[in-house]
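This report walks through one structure step by step, from sheets and helices to cavities, interfaces and backbone details. Please keep the sequence and the three-dimensional view at hand while reading.

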Amino acid sequence: MSQGPEEKTALLETPWPDEPPVLGPGQSFGSMTDQISDAVLTRPIGLGWLGGLAIGMALLALLGAAVTYLFLVGVGIWGIEIPVGWGFAIINFVWWIGIGHAGTLISAILLLLKQSWRNSINRFAEAMTLFAVACAGMFPVLHMGRPWLAYWMFPYPNSMAIWPQFRSPLIWDVFAVSTYATISAVFWYVGLVPDLATMREKATHPYTRMVYGLLAMGWRGSARHWKRYEALYILLAGIATPLVLSVHTVVSFDFAISIVPGWHTTIFPPYFVAGAIYSGFAMVLVLAIPIRHFYGLQNMITMRHLQNSAKVMLATGLIVGYGYFFEAFIAFYSGSTYERFMMQNRWFGPYAVFYWSLILFNLVIPQVLWVPKIRANTAWLFLISLVILVGMWLERFIIIITSLSRDFLPSSWGHYVPTRWDYAVLAGTLGFFTAAMLIFIRIMPAISIFEMRTLLPESEVKAK
Amino acid sequence: MSHPALSPAIYGLIAEFDTSTELVEATRAAYAAGYRKMDAYSPFPIEEASDALGFHKSRVPLVVLMGGLLGGLSGFALQYWINVIAYPLNIGGKPYDSWPAFIVPSFEMTILFAGLSGVFGMFALNGLPMPYHPLFHVEQFSRVTRDKFFLCVEAADPKFDIVDTQRFMESLKPVSIAEVPH
Amino acid sequence: MIFDNLTRRMEKESPNKSEAICPGKLELAEVKEKLALAKSGPQYWRSLEELAQTDGFYEMMHREFPRQASVWPEASSRRDFLKLMSASLALAGLSACVKQPVEPIVPYVRQPDEMVLGKPLFFASAMPFGAYATPVLVESHEGRPTKIEGNPDHPASLGGSDVFAQASILDMYDPDRSQTITYRGGLSTWSEFAAAIKGPLNSQRAMNGNGLRILSRPVSSPTMASLMDAVQATYPESKWVQYEPVNRDNVRAGSQLAFGQFVETRYNLDKADIILSLDGDFLSSGFPGFLSYARSFAARRNPDLKEKMSRFYSIESTPTNTGGKADHHLPVRASEVEQLTRAIAASLGAGGGETAKPEHQKVVAALVKDLQAHKGAAVVIPGDNQTPAVHALAHAMNQALGAVGNTVIYTDTVEAKPTMQVAAMQELVADMTAGKVDLLIILGGNPVYEAPADFEFAKAMDKVLLRVQYGLYKDETYDHVHWHVNGTHYLEQWGDSRAFDGTVSLTQPLVAPLYDGKSPYEFIFSLVGSSEVAGYTIVRDYWQGTMTGGDFDAAWRKAVHDGFFAKTAFPAKSVSARGGIPAPTPAPTAGGKGGAPDMEVIFRRDAMIYDGSRANNAWLQETPKPVSNLCWDNAVLISPTTAKKRGLATGDVIEIDVNGRKVNGPIWPQPGHPNDAITVFLGYGRTKGGRVADGVGFDAYQIRTSDAQWTASGKITRVGSGYGFADPQGFQYIDYSDLPKGTEPLKNRHIIRKATLEDFIKNPNFAHEQEEPVPPELTLYTTTSGEPLYRYTELKWGMTIDMNSCIGCKTCIVACQAENNIPVVGKEQTMRGRQMQWLRVDVYYEGGTENPAMFYQPVPCQQCENAPCEVVCPVGATVHSTEGLNDMVYNRCVGTRYCSNNCPYKVRRFNFLLWQDWTTPQYKMMRNPEVSIRSRGVMEKCTYCIQRITQGRLAAEKATPPRSVTDGEVVTACQQACPAGAIVFGNLNDKESRVSRIKAQPRNYSLLEDLNTRPRTTYLAVVRNPNPELESEPS
């Protein structure tokens, strides 16, 4: 991105004392390029990385086992039952999709808002989106009674002339999530192309050269190319923004469209989107803090980034809190006996402990982020982010389980207890995510090199 | 100004610069000197450069708009056709044409088509992928993806003359000048 | 692998294995000969079985398929059975499985217009249950019986049926049934048995049979009675003992006390204004006359009769679905019933004496007043498990109330030779112990398991020289016999038996014996005559003998067609109860080593598996019990108050000690249960009952002694906890609960709408008062001028369920299960909330735990017009039909379960795992071919029996000229089964149809109306008729 000079200097100095710069001192095009690309090309594989990959792969294997058994025996291996027809699978689905959102938000919305501090974190934030969506995407298939028929969800011409049922939010999900996955992927790839060219030139091993070369598609930095590229990049950001907002809106429709007390709520779309960004930024911090530490990228992913993320979490956290409040308010204001009971059941019912710990994790604890000192402390940020991730998972648990387990007719109330297979699948997706992220930072520049270059004053064309 | 067009033995001449400013100024100079078939190369986007080349408008936005419209309309059309014409069903007592329900898929189709057509459009307009390009022969050009800036005047330019053009380029005070073989 | 099990089994079962694996050679000529015979005419089908019966066949089989042959009854290899059958058929150069009996059986062809039953062929028959016949129609597909219905023409059925009849079809196809004749556990044959028994019989003849004992279930069959006489004639000193664990000795003793003779008591509830039940569970399957009582009781409970609506007082110990229907319900310990009865009788001037406990006096006074006010139209019904005195007093009271001849009718006993069974059994045991018995023949029944514990039957029986068991199962008794002869199910045999009113009902076979068993008639006949006479001949000959003049063939044909001999019901018999108050029976014997007994132990037959004979029937095991809604268990019922007093919680395991006999069982606090008493149910804790029965529940027979058959006193001590129950109904309390204080009251949901008769007469519209009308404009979609979007112009199906008539017997559930090929899931899955029954009967309590009112609400799919499930299905697997049905397209379902989540009634059922048995051949034969089998991962639900609707529609369209479906032409399985006629189904476009007229009633309301789902299934609100003087009493 090219900014006005005053903006650039603002990026370097600190507007006010507690605000660190987005870029460490003493950087040049070359040094920056080398630092980022060497992390991939020349840096030796570390034990920490290997250990992390090992853990990730082990959990991934667990996922494989769990899914195999699931397909062989059926969804009955999970804790789901009647009335609680949805369990961990859908909870995880919503949770992972939410995490994905931060990536798109950073790369698209902040780009539109010319928040160029995002340049150093958008790359792996987008990767995070991709892998999170991949994790999420598994569940709609896994949770089906007959997963081998998943393709029936897509509108394709068939001899029976039957089609999907387009009034169902699940079909909306299919469209929203697949679109989201596609757009995120191309957005990510398009962003990568110029850096891939860099890698092509810097790679020493012929095969590596060839691979990067093919991926770079012969990019050569022509001004005309850059012009079209920029145009597209902005446009992609422009359409990704409504998209990312729509995706979690649609996910929230899975609940809002239904008539289940505790689901049938108009506040869900904004409340879900906010929650998504909330958990998303938490995940960004959980990833960024170790990466910058182990790869010595403190001069590129600076405290400024971490602090801004913390502020975003603080804001979205408050929106989510507002959501909690209004859920309760409407439950009583609605005058619906089912809604009132649903709310009391969340407070005092069999799952009350989860509800209150969710309030603690998502609402109370994150308030410490008001304190600048804590925002400036990576350890604290890391911990709080973890807490928020757990809290957001619990939120989905509460919404799905408590609402379903006690709905309209007392005679059909039930109690949901997850089985070990539920946990296996959740852990498995975490493993997949970890492994994918680790491999990504080993083979791709984890930071957008060309966008970082634009942060340097030298990138500025000085008028005569 | 029509010259006896000799088929040039080379692709063009390329000048190397250290800063974006120099590049832009050089490009402006070359444009002023009447060169058209030329291009500026840089490790990051520089609006001024393309302006200096007289390249102001890209057709990418139009492609994206078309794609989006196509996606949205076909998306809604498909749903309407399925639910009202092809196989109408009484679903929960809702009308066949439950248009509010069809909005979401239509929207997503809009985004999908817009995005994809934009990406493919951009690459197509840029003539990418192009694994081979004469410039790649130039040794120092590899640094265009790192920290160097280049201006290449192509031999195909009617005003191109190996001697004059080289002399003109030297006047731009580049770090280096090189011939670009085919 | 299988072979190992097999050898282990055989070692276990027969000391000398050599017998099991038959030696010898097969003469090919023999087979040829048999085959030649096989080729000839109608004999043909049967002779295959005979072929399969020859020794030669067995030998060859053992050489050809040694495993399958010997492994037959082995759990691991059910499917080998048919392999083998087809093998035998293949040997005969044929290939078929369905076997028709040879005798002419008569299809039920006359079908009254108002009752075209959905299926091709129906045969009238009768299910013998204890001594009493349950008249049935059996539906047959291509020679395979697939469904049991009630026989509408039969006075003892009126079209209704009970859980046992509905489930009996599964009994017949039960792969665990005994499939072979065995000697000492080794395979044998009928001819071998016939030869082997000759000697002992001859020697018995020589000694007048004084070493011969026959033990059977009570007999009402005239034919069997004649055979009993024949046995008596051939072996004059032999003894034929009739015993059933759930016996009616008290009833007999009572009538002895009152009349000095055995008489049968019959009630006309349709004439009864006031009904008083003294622990009388007359609305539960298994009570003689239940079907007819349910019908007439329901008829008089219709509030539109205004003040002619009957009033029902129930004094009972264990809460039953009968008591749940009462206007006034008085829970007292079983031992207190007699005292109360005496008090009531005294004030009615019918003997008795004593006075009621102070807390009861108010009720008793009002009750007595009410009874006297309705002389001639009142009836007192004592329970089978109450003391003889209670019965005697009941007779006296009925007499004093002028009920005799009106609401009560006395007749000859249905049992051919009524006896005091426990006494007879005691005598038998004594004889056996004394070694007086040389030959014991057990004709049905399972004495080793079910005889009174103090008799130690097994020990005594082992003293008998030769022990022969005839039965359907190789059960607990099997381990103690030398010979086992596998019997036939009633669907495989000819027979006769009397219904509760004496009507002689004929049993005709729908299929030749699956395992080539012998019918009891054939078996007994072989003791006195030839061993090769067919049951058909025996039964027919008997009746021919009784006919004097007239065209017997025509009469026989009609009887077989109708399923009964017309006008054979017993006429009323005039008896008068003797005066004189029977002496008070002593309170249950105190005792129990160490500390006086402090807990009354009440024994009850189980509502579903009865005395244990039905324990291997998975349908019955999984059907929730009428009141507690538990399944797959016999919990120890205890009142919540007592439980609290004893510091017991649900699932605590207690040791019940009755005079030193101990058994452990888990407790279930049951609202409405009397305090300081527990109820244990018989029939569970089987050890050799079959794969379904074994290891389920605990065996209460172990503490049931001959002197305390129904009520004992004992001690309980907590020995464990955390026992898990399968209780499909999540929550049963409407107005009180363990929900935290201040929680939104559940009664705001108006699930159960009810009023007293007074209020109903004042305000017939009571059911709709709390409703908030749903504004039609509350929709995204504009409807043209309030017109509904979809008008169902042709047919428009709807259903009403009258909660006032429903007696909560759950027959509808089993009927639905049988009709729609619904799988069973077992206890663990039920605990997980994955039961599959499409229809459930919710039981709600109101009014505290001491004595709550109970309400039964059957909930099938409500077939909403605005079905929430349809909107959310991503693949359109559930859509609306033009007739307004909420269709479920199994083949299209991908199993997202979203529809179930969005169903406010939670009537959808999901195949979380593969529950359908695809392999067992017997089940393949049993299933309804009209209904597809759902496999894993598919949602399913009630479809209003769409297969029957389709058949009805087709019939109407095929008619010339094509007509529209007439009212009553399509009958759903639940509606057809309901003994009380609570369920009505039909076409709502036909304004004259019953269902339309019922829906027009003010009592008609739909569940969760405010959700605007517009259900097609609606309910008729409950109206109770409490005695105005007792308003305080919970109604």
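Helix 14 of chain C, which covers residues 334-347, lies across strand 9, strand 10 and strand 11 of chain C and runs at about 145 degrees to strand 9 of chain C. Before going further, the reader should know that the model is predicted.

**The open sheet and its loop**

The strands beneath this description belong to an open sheet of four strands in chain C, whose order is 11-10-9-12 and whose pairing is parallel. At its edges are strand 11 (328-331) and strand 12 (378-382) of chain C, each of which pairs on one side only. From one strand to the next, the twist averages 10 degrees. Within the sheet, strand 9 (residues 274-278) and strand 10 (residues 311-316) of chain C are paired in the parallel sense over five bridges, and Ile275(C) has Phe312(C) of strand 10 as its bridge partner.

The loop between strand 9 and helix 12 of chain C contains Asp279(C). Although Asp279(C) is not a glycine, its phi is positive, at about 65 degrees. As background for such cases, most residues other than glycine have a negative phi, and most peptide bonds are trans.

**The barrel**

Chain C also holds a closed barrel of six strands, which runs 19-23-20-22-21-24 and has mixed pairing. On average, and with direction ignored, neighbouring strands of this barrel are turned by 45 degrees against each other. One pairing can be followed in detail: strand 20 (residues 636-638) and strand 23 (residues 677-681) of chain C run antiparallel and are joined by two bridges, and the bridge partner of Ile638(C) in strand 23 of chain C is Ile678(C).

**Two cavities**

Rolling a probe the size of a water molecule over the atoms shows where empty space is left. How many residues line the largest cavity, and which of them lie nearest its centre? The lining consists of 47 residues, and Pro128(C), Arg217(C), Gly444(C), Gly445(C) and Leu472(C) are the ones nearest the centre of the largest cavity. Several elements of chain C give two or more residues to this lining, including strand 1 (121-129), helix 8 (163-173), strand 15 (466-471) and helix 20 (520-528).

The second largest cavity is lined by 46 residues, and the closest to its centre are Asp281(C), Ser284(C), Gly286(C), Phe287(C) and Arg605(C). The elements that give two or more residues to the lining of the second largest cavity are strand 2 (132-141) and helix 12 (290-300) of chain C, and the largest share, four residues, comes from strand 2 of chain C. The table sets out the volume of each cavity and the make-up of its lining.

| Cavity | Volume | Nonpolar residues | Polar residues | Charged residues |
|---|---|---|---|---|
| Largest cavity | about 1100 Å³ | 17 nonpolar | 21 polar | nine charged |
| Second largest cavity | about 680 Å³ | 22 nonpolar | 13 polar | 11 charged |

**Where the chains meet**

The size of an interface is often given as the accessible area lost when the parts come together. Between chain C and chain A, 56 residues of chain C are in contact with 58 residues of chain A. The area buried between chain C and chain A is about 4700 Å², and carbon and sulfur atoms give 56% of this area. On the side of chain C, the residues that lose the most area to chain A are Arg749(C), Tyr898(C) and Arg936(C), which together make up 16% of what that side buries.

Chain A also meets chain B, with 63 residues of chain A in contact with 70 residues of chain B. These two chains bury about 5600 Å² between them, and 70% of it is on carbon and sulfur atoms. In chain A, three arginines, Arg167(A), Arg220(A) and Arg228(A), lose the most area to chain B, together 16% of what that side buries.

**Cis peptide bonds**

Where in the chains do Pro129(B) and Pro961(C) sit? Pro129(B) is placed in the loop between helix 4 (99-125) and strand 3 (149-154) of chain B, and the peptide bond from Leu128(B) to Pro129(B) is cis, with omega near -5 degrees. Pro961(C), in turn, is found in the loop between helix 31 (946-958) and helix 32 (973-977) of chain C, and Thr960(C) is joined to Pro961(C) by a cis peptide bond whose omega is about -5 degrees.

Note on methods:
Residues numbered from 1 in each chain as written. Chains lettered and ligands numbered in written order. Predicted model: local features only at pLDDT ≥ 70, side-chain atom pairs only at ≥ 80, totals over all residues. Heavy atoms only, no water. Pairing = 2+ DSSP bridges. Axes fitted to C-alpha atoms, helices over the stretch in contact; angles between N-to-C directions. Contact = heavy atoms within 4.5 Å. 1 Å grid on protein atoms, 1.4 Å probe; cavity = no way out; pocket = protein on both sides within 12 Å on 5 of 7 lines; lining within 4 Å. Points joined across faces, edges and corners; volume = space filled by probe spheres on them. Nonpolar A, V, L, I, M, F, W, Y, C, P; charged D, E, K, R; others polar. Buried area = accessible area lost by both parts, 1.4 Å probe.
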